[in-house]
Amino acid sequence: MSHRPSSGLAAVSTALLAMSRHLEVRDVLKTIVASARELLDAEYAALGVPDDHGGFAQFVVDGVSDEQWRAIGPLPRQHGILAAMLRDARTERLADVRKDPRFEGWPSAHPDMSDFLGLPIKDGDETIGALFLANKRCSGSGTPVARGNGCGFTEDDEELLSILAQHAAIALTNARLYERSRELTIAEERSRLAHELHDAVSQKLFSLRLTAQAAAALVDRDPGRAKGELQQVAVLAAEAADELRAAVVELRPAALDEDGLVNTLRTQIQVLDRAHTAHVTFDSGGVRALPASQEEALLRVAQEALHNALRHSGAELVAVSLVRRGPGAVLTVTDDGKGFEPGSVRRAGRHLGLVSMRDRASGVGGTLMVESAPGKGTMIEMEVPGG
């Protein structure tokens, strides 16, 4: 691909169409950054969405490899030029960002940057992001050259990026609204299912209880009728089990149905890798489609194990693998964190979700193994039989 930027309305139209194609916030952010970098022919581009604690809730880069990004370390804080852009809500165009008095340096693995163009992305009066580019390429050269020889961002670049940022604000706001709408829909659906579950199953259980009481009262004086009542108990219990099973199927995570277990895990782990200082990896091999209940159990156990590793263990590396074993599969979550003594943790009542994970595994005919020791990290392995 040529590094020379596209020109005119066609280039802007291409960028705007690319942004409008996506509904997921993360995809919109990535598209905005890639479009800005290509449109203005910059070596690097980034977009940060601020949180409420002086950092960034999300930070997307383009022009930096995954390996280099991991080496850079945690997400940046809102300081220096980034803080000024968010605080003052104004464009910053600098010939050399390193010479600006607000510059506070960057991590050792960070690429070297000089000329800089950044501006806030605003939704009304609210600053919802900071978009910036660095190292403008000399037209047609394919690479930046010494500053002062015709490179550097221009007023035209600033105007073009401003137009892009206005449309980026719309795309990002729409994506947020879509995700919020989807969350509300899911919440409403779960509430509806909860009410249906309560009504249907509660009625069945109430009937079952009364029938069982009647059978108990008849056992001595009318064994024949007691037997009939007990048969009715079995029928009601089966109906209640069917109601519960139907509700569980409806509550199955949508991503599993749409993307499958492997892709769902991969996507969630990629997000966690970006959001946490620990490096989170995922590897899979030869896994075939499994019964729906087993796939959901594997996903839930993986989520619980990842939560423990990232929130409690102090791990620097968390590795997740999902591989085929016979007709089934084995999930393994390993971390290099502080570890624990499973027995003492269980006795103290702080079982880090181990009981829940074991219940999920046994509930689908699987097994769960936990290996950990203080200072030795933790490994959680779950195997399911397939179908």
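How many residues lie between β7 and β8 in their hairpin? The count is two, and glycine 326 in that turn has a positive phi of about 60 degrees. The legends below walk through this and other parts of the structure, which is a predicted model.

**View 1. Strands β7 and β8 meet in a hairpin.** Follow β7 into the turn, past glycine 326, and you arrive at strand β8, residues 328-335. The two strands run antiparallel and are joined by eight bridges. To get your bearings, look for valine 323, which stands opposite valine 330 in β8.

**View 2. Strand β7 also pairs with strand β6.** Here the strands run parallel, with seven bridges joining β6 (residues 279-285) to β7 (residues 317-325). A handy pair to pick out is serine 284 and its bridge partner in β7, leucine 322. Together with helix α8 (residues 292-312), β6 and β7 make a β-α-β unit, and this unit is left-handed.

**View 3. Helix α8 spans 30 Å from its first C-alpha to its last.** The helix has 21 residues, and its reach is close to the 30 Å expected at 1.5 Å a residue. After α8 comes glycine 314, with a positive phi near 70 degrees.

**View 4. Five strands form an open sheet.** Reading across the sheet, the order is β2-β1-β5-β4-β3, and the pairing is antiparallel. At the edges you will find β2 (56-62) and β3 (92-94), each pairing on one side only. From one strand to the next, the twist averages 15 degrees.

**View 5. Strand β1 pairs with both β5 and β2.** Six bridges hold β1 (residues 42-50) and β5 (residues 126-136) in an antiparallel pairing. Within it, leucine 47 has leucine 131 of β5 as its bridge partner. Turning to β2, six bridges join this strand to β1, again in the antiparallel sense, and valine 49 stands opposite glutamine 58 in β2. β1 and β2 form a hairpin with five residues between them, and glycine 54 in the turn has a positive phi of about 85 degrees.

**View 6. Helices α2 and α4 meet the strands of the sheet.** Helix α2, residues 25-40, packs on the sheet and touches β1, β2, β4 (116-123) and β5. The direction of α2 makes about 40 degrees with that of β2. Helix α4, residues 80-88, lies across β1, β2, β3, β4 and β5, and runs at about 140 degrees to β5.

**View 7. Aspartate 41 combines a positive phi with a buried position.** Most residues other than glycine have a negative phi. In aspartate 41, however, phi is positive, near 55 degrees. You can find aspartate 41 in the loop between α2 and β1. Aspartate 41 counts as buried because its relative accessibility is 4%, and the cut-off for buried is under 20%.

**View 8. Asparagine 135 has a positive phi although it is not a glycine.** The phi of asparagine 135 is about 60 degrees, and the residue lies in strand β5. Is asparagine 135 buried or exposed? With 5% relative accessibility, asparagine 135 counts as buried.

Technical notes. Residues are numbered from 1 along each chain as its sequence is written. This is a predicted model: local features need pLDDT of at least 70, side-chain atom pairs count only at pLDDT 80 or more; totals for chains, interfaces and linings use all residues. Side-chain values use heavy atoms; hydrogens and water are left out. Two strands pair if DSSP finds at least two bridges between them. Helices (H or I, at least four residues) and strands (E, at least two) are DSSP runs, numbered from the N terminus. Axes are lines fitted to C-alpha atoms, for helices over the stretch in contact, and angles run from 0 to 180 degrees between N-to-C directions. Contact means heavy atoms within 4.5 Å. Buried means under 20% relative accessible area, exposed over 50%, partly exposed in between (1.4 Å probe, protein chains only). A crossover is right-handed if, with the strands pointing away from the viewer, the path from the first strand over the helix to the second runs clockwise. The expected span of a helix is 1.5 Å times one less than its number of residues.
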